[in-house]
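Work through the exercises below with the coordinates open. Each task is followed by a solution in steps.

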Amino acid sequence: MEKLVIAGFAGIGKTTLGKKYKNVIDLDSSKYAYDDSDLEHLSIEERKGLPRRKNPKWPDNYIKAILDALNTYDFVLVWEREDILEEYQKHHIPFVLCYPNRNSLEIYKKRYKDRGNSEIYIKKKIEQYKRRIHDFENMKVDKIILSNEETLEDYLLKKGYQLKK
């Protein structure tokens, strides 16, 4: 089976997928991008949107983690921020871009709230989506565009990808 790196927008179901299947890893970038030593009392979702210190090893530590994960996992789920997408290309890491369609924003607001994200984070993500959707649509990479309630897991199963429990 070909390995697949999926750069996914927040809320598509990366974390759920990574917890559910043994051949999938969600490489949540926050533990690589930030020094959260003073926020360890909060969950990762609660930390999002808060002021945080940058990790001086970023992004090299994240690129290394992705390359290492490709030795073990069939699906490596990663961040889709603009600067890191450039790093994937620079390091010749092929990826598929995954994001929700334009009609799904209310569903994503609810997902963020249900998982414990702050109002600041939710507003930031929705504004980020609106600002970046044109760029997503025009990127010259393979894409998975999720519709409405569809999650990444729904899409992969529908397309016949082998997810191993």
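The exercises treat one strand and one helix of this predicted model.

**Exercise 1.** Determine how many residues of strand 1 are buried, and which of them point the same way.

Solution. Strand 1 spans residues 4-8. Taking buried as under 20% relative accessible area, 5 of its 5 residues qualify. Next, sort them by direction: L4, I6 and G8 point one way, while V5 and A7 point the other way. Both sets are buried.

**Exercise 2.** Find the strands that pair with strand 1, and give the sense of pairing.

Solution. Begin with strand 5, residues 75-78: its pairing with strand 1 is parallel, over 4 bridges. In this pairing V5 stands opposite V76. Then take strand 6, residues 96-100, which also pairs with strand 1 in the parallel sense, over 3 bridges. Here I6 stands opposite V96.

**Exercise 3.** Compare the span of helix 7 with the expected value, and locate its bend.

Solution. Helix 7 covers residues 119-138, 20 residues in total. The expected span at 1.5 Å a residue is 28 Å. From first C-alpha to last, the helix reaches 29 Å, close to that value. The bend, about 50°, is at R132.

**Exercise 4.** Identify buried residues of helix 7 and the elements they pack against.

Solution. The buried residues include Y121, I122, K125, I126, Q128 and Y129. R132, the site of the bend, is buried too, as are I133 and F136. An α-helix has 3.6 residues a turn, so residues three or four places apart point the same way. The buried residues of helix 7 pack against helix 5 (82-90), strand 6, helix 6 (105-114) and strand 7 (143-146). Strand 6 is thus in contact with helix 7 and paired with strand 1.

Definitions and conventions: Residues numbered from 1 in each chain as written. Predicted model: local features only at pLDDT ≥ 70, side-chain atom pairs only at ≥ 80, totals over all residues. Heavy atoms only, no water. Buried < 20%, exposed > 50% of the residue type's maximum accessible area, 1.4 Å probe, protein only. Helix = DSSP H or I, 4+ residues; strand = E, 2+ residues; numbered from the N terminus. Pairing = 2+ DSSP bridges. Expected span 1.5 Å × (residues − 1). Bend = angle between axes of the 7 residues up to and from the residue. Contact = heavy atoms within 4.5 Å.
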